[in-house]
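Colleague: Got a minute to go through this model with me? I'd like to hear the reasoning behind the labels.

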Amino acid sequence: MRKPILIANWKMNGSLHANQALLVRMLARLRPFRKAVDMAICPPFPYLFQVRDLLGYTGISLGAQNASAATSGAHTGEVSATMLQEMGCRYVLVGHSERRSLYHESNGVVGARFRQVRSAGMTPVLCVGETLEEREQGMAMAAIESQLQAVIDETGMAGLSDSVIAYEPVWAIGTGRTATPEQVSDTHRAIRQFLERHEAGLGESTRIVYGGSVKAGNAAELFQSSQVDGGLIGGASLQADEFSDIGTALANTVAEPDSECDTLD
Ligand code: PGA
């Protein structure tokens, strides 16, 4: 049984004042679900310390948005995985599409970052997803498989076990355009089949979350399929009530699991 997980990706947003106001309201509203759903907040690096303090003993984890592919040394502007681990991070996003497209992170670099996160004892949240062009050409799974393969090349299958995969179609991120529940469910199933082909049991055990314009209004529908183990939430994670309502929608799936879609074929 995979425990659902909800991850807030604040991207490059926030201020000391705004973070405090957001978290105080959000934490009060998320409290009822913290046993049923794993939760993590990924603020920008400078706010890790503040958010760690505010999260305290709520059971909600701290996460980061990226980690260097290098261990230490002359890498101005980079932050190492061990530093993040020392700050109390439990999860680290790796290979977010904004990193891949705006900062030209190749599959190889993403694989190296993933390995660093693993070596530092944290859980990588590997973001994969196709562009609109790739989807229209019927190449969505080929693109996703090559993103997954780059990590396998770097860490072997052992690296992927106990990691989280975030399926985020590039065309749905921050655009207000959401993948349909069928597209999400089908893609998650195909990712599980890919994992299963490489290692028996991995397809069933890996948590795969969806990200891309998830809102309170569409969350229940997206989380309905038991292929979907939660969400990676950008814009809506900056609004306490919106994010908490997404948390409610996810927690409700635990109470009423949809066993129908729980197969790989
Ligand atoms: P969005 O972002 O929810 O604003 O579309 C998701 C993400 O980038 O992780």
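Modeller: Sure, rings first: those of Phe, Tyr and Trp (its six-membered ring) pair if their centres lie within 6.5 Å; planes under 30 degrees apart count as stacked, over 60 as edge-to-face and the rest as tilted. A search of the whole structure finds one such aromatic pair. Bear in mind that this is a predicted model, where local features need pLDDT of at least 70 and side-chain atom pairs count only at pLDDT 80 or more, while totals for chains, interfaces and linings use all residues. Residues are numbered from 1 along each chain as its sequence is written, and side-chain values use heavy atoms, without hydrogens or water.

Colleague: Why is the pair of Tyr167 and Tyr210 called tilted?

Modeller: The centres of Tyr167 and Tyr210 are 6.2 Å apart and the planes are at 55°. The cut-offs are 6.5 Å for pairing, and 30 and 60 degrees for the angle, so this is a pair and it is tilted.

Colleague: What makes Tyr210 buried?

Modeller: Its relative accessibility is 0%, and buried means under 20% relative accessible area (exposed is over 50%, partly exposed in between; 1.4 Å probe, protein chains only). Tyr167 is also at 0%, so buried as well.

Colleague: How do you know that Glu204 and Arg2 form a salt bridge?

Modeller: Their closest N and O atoms are 3.7 Å apart, and the rule asks for a side-chain nitrogen of Lys or Arg within 4 Å of a carboxyl oxygen of Asp or Glu. So Glu204 and Arg2 qualify.

Colleague: Why is Glu204 called partly exposed?

Modeller: Glu204 has a relative accessible area of 34%, so it falls in between the two limits. Arg2, at 14%, is buried.
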